[in-house]
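Please open the structure in your viewer and keep the selection panel at hand. This tour proposes one selection after another and states what is found at each stop.

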Amino acid sequence: MTGESSARAGRIGEVILAVEGVSLAFGGVKALSGVSFDVREHEVRAIIGPNGAGKSSMLNVINGVYHPQEGTIHYQGREYHDMDPHEVALSGIARTFQSLALFKGMSVLDNIMSGRNLKMRSNILLQAMRLGPALREEIEHREVVEGIIDFLEIQAYRKTQVGRLPYGLQKRVDLARALAMEPRILLLDEPMAGMNMEEKQDMCRFILDVNDQFGTTIVLIEHDMSVVMDISDRVVVLDYGKKIGDGSPDEVRANQAVVDAYLGVSH
Amino acid sequence: MFYRENGQFKSSYASDQQMLPILQDRLFMAGLLVIAFAAVPFFATDYLFLSLLIPFLILALAAIGLNLVVGYCGQISLGHAAFMAVGAYAAYNLVLRLPQLNFLVVLVLAGLIAAAVGLVFGIPSLRIKGLYLGVATLAAQFFMDWLFARVKWFTNYAHSGSVQTAPVEVFGWIVDTPVEKYLFLLVVLIVFTLIAKNLVRSHIGREWMAIRDMDVAAEVIGIRPVYAKLTAFAVSSFYVGVAGALWGFVHLGSWEPLAFSLTLSLNLLFMIIIGGMGSLLGSYFGAAFILMLPILLNQVPAMLGVPISTAMASHLEFMIFGALIVFFLIVEPHGLARLWAIGKEKLRLWPFPH
């Protein structure tokens, strides 16, 4: 156990994403106030907290879906006040969603292929004629996508319409679509919500495999404490939009403020 | 028993990605093409050509165009007849003012002009969705109705406001008789269908569908909504513009602005709703359904020998037409194309139940 965790610890590199003093409000409701944390290359970083703590808002800020009123984000040596979703995607940050956000009318294959769209270059006329370069491009990306399909073990469903798949598989397709972008950082918003034990174990295995094999940095939000404590290197704890804890799983577990937030305090 | 893909193995991605991966489908399509090109011209009457087949081919093209933006990209438009009008009047003016141009070039240019206009009227889609966008696209309809009725330059200062065209000529072939018109339109429709099919299965098509199904997720994987929505509007208007030019030149021959009124826009929308949103095949089914139903309804009382007045017949026609549309939507909200797909699924298993 110790040998394994030290081997994993050796993989962790420099800080690649740093969030500093981010505040986000919707009208009078403060979703985040002055949250700072950093993410190191190749690590598995968890964000936890009770419902409404601002975890998903935090991911949406990193993604550029929400624009914070205050604070900065350092990423790849540049400082941003807010991010633009297109640029974020181009710069190698991918994302899965809490409530499934798959393209329901499309097949599994097309959903994952759409994750490659940023890398596809042929213009609309070539696509209309499906001539040389457009066809070659389509096939090249199909090969990459098939690799991901094999990796996540969803070969049997590639031509199925996504809306018809069971929930656990849809979650896997969501992950596949994000992986198709070949991201440096993968943001996972509750990848195990609503799953049974077996599906959770599968998903944990996939997340760790992604981290090990592709070296992808992973930021995940999760409610299942056993999962978080098992797979993450460092944990941020949010409560009512404020950071109340940050550190290794053991440190966080020992942190009195965190215990209070989760269990409640007797007065 | 006969329709199944057993034993047809794909050994390359190219063969897996072809348009009709199943052999039986390819044979069926080949048979259909032989019938359309070789049999129909010999057996169909002029009445059938003029009242059914020719309008069907053009409206199917327009329905495909509308389906690209509404069915594939999820942006509703109630003003697509306006872009047909733009295509028709653009073609009219191009032929009038640059008579040396080949008609195929005129068609493409008319389509491009319609695409440019469609792009402008697609801009509201960047901010509003759903019914609100539908209302905004009505502006296109009313503006174009007004423009072509009031600005006389477009109709070459014709007193009545209606314009006449000479028969279409392509590389010395004068497309004049119903059979020739039919064959010309059939070729155009097939070419445009192939192009549409290629678009919707390439990455531009996936961008459109991604925006339709879940726009936030589409943005997060790097799809720019501005680009996806505006290309959808432009390509769609291009198709509809070409259809408009054909409607004017090949089907009508002479027309006035009313030919492209709101009624036509709504009819196009009915076609894709009944035929199937997001399905090219559905566009064909929808166009055929909307065109054939009134004709059939008209014939039925006469065939049954029931003597009713023409006024009564036309009232009944409207009522039954409306009722049938409602019926089909309740039975199969995803349109005739879905019924077709279900039929194919059943055929794969037949004669076994599972």
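## Stop 1: A salt bridge between two chains

Begin by selecting A:K159 and B:D16; these two residues form a salt bridge, and their closest N and O atoms are 3.0 Å apart. The model is predicted, and the distance quoted here is computed from it. The pair just selected belongs to a set of three salt bridges between chain B and chain A.

Now widen the selection to the whole contact between the chains. How many residues does each chain bring to the contact? Chain A supplies 37 residues and chain B supplies 28 residues. The size of an interface is often given as the accessible area lost when the parts come together. For chain B and chain A, the buried area is about 3,000 Å², and carbon and sulfur atoms give 60% of that area.

Polar contacts may be displayed next. Across the interface of chain B and chain A, twelve residue pairs are in polar contact, with both residues at pLDDT 80 or more. To see which parts of chain B face chain A, select helix 1 (13-16), helix 7 (178-200), helix 8 (203-213) and helix 9 (215-220) of chain B; these are the elements that give two or more residues to that side. Which of them gives the most? Helix 8 of chain B does, with eight residues. Colouring the side of chain B that touches chain A by class shows 15 nonpolar, eight charged and five polar residues.

## Stop 2: The four-stranded sheet of chain A

Leave chain B and turn to chain A. Here four strands make an open sheet with antiparallel pairing, in the order 2-1-4-5. Strand 2 (29-40) and strand 5 (78-80) of chain A are the edge strands, each pairing on one side only. Neighbouring strands of this sheet are turned by 15 degrees against each other on average, direction ignored.

Strands of a sheet pair through backbone hydrogen bonds, either parallel or antiparallel. Select strand 1 (residues 15-26) of chain A together with strand 2 of chain A: eight bridges join these antiparallel strands. Two examples may be picked out. A:A25 has A:K30 as its bridge partner in strand 2 of chain A, and A:L24 has A:L32. These two strands form a hairpin with two residues between them, and A:G27 in the turn has a positive phi of about 60 degrees.

Next, add strand 4 (residues 70-75) of chain A, which is antiparallel to strand 1 of chain A and joined to that strand by five bridges. Opposite A:A18 stands A:H74 of strand 4, while opposite A:E20 stands A:T72 of strand 4.

Then move on to strand 5 of chain A, which pairs with strand 4 of chain A in the antiparallel sense over three bridges. A:H74 appears again here, with A:E79 in strand 5 of chain A as its bridge partner. Which residue in the turn of this hairpin has a positive phi? The residue is A:Q76, at about 50 degrees, and two residues lie between strand 4 and strand 5 of chain A.

## Stop 3: The six-stranded sheet of chain A

Finally, select the six strands of chain A that form an open sheet in the order 6-7-8-3-9-10, with mixed pairing. At the edges are strand 6 (93-95) and strand 10 (242-247) of chain A, each of which pairs on one side only. From one strand to the next, the twist averages 15 degrees.

Within this sheet, strand 7 (residues 185-189) and strand 8 (residues 217-221) of chain A run parallel and are joined by five bridges. One place to centre the view is A:L186, which stands opposite A:I218 in strand 8 of chain A.

To close the tour, show the helices that pack on this sheet, including the following two.

- Helix 2 (residues 55-63) of chain A touches strand 3 (44-48), strand 6, strand 7, strand 8 and strand 9 (234-239) of chain A, and its direction makes about 150 degrees with that of strand 7.
- Helix 7 (residues 167-179) of chain A touches strand 6 and strand 7 of chain A, and its direction makes about 160 degrees with that of strand 7.

Technical notes: Residues are numbered from 1 along each chain as its sequence is written. Chains are lettered from A and ligands numbered from 1 in the order in which they are written. This is a predicted model: local features need pLDDT of at least 70, side-chain atom pairs count only at pLDDT 80 or more; totals for chains, interfaces and linings use all residues. Side-chain values use heavy atoms; hydrogens and water are left out. Contact means heavy atoms within 4.5 Å. Buried area is the accessible area (1.4 Å probe) that two parts lose on being put together, summed over both. A salt bridge is a side-chain nitrogen of Lys or Arg within 4 Å of a carboxyl oxygen of Asp or Glu. A polar contact is a pair of N or O atoms within 3.5 Å; within protein, one must be able to donate a hydrogen and the other to accept it, and residues adjacent in sequence count only if both atoms are side-chain atoms. Ala, Val, Leu, Ile, Met, Phe, Trp, Tyr, Cys and Pro count as nonpolar, Asp, Glu, Lys and Arg as charged, and the others, Gly among them, as polar. Two strands pair if DSSP finds at least two bridges between them. Axes are lines fitted to C-alpha atoms, for helices over the stretch in contact, and angles run from 0 to 180 degrees between N-to-C directions.
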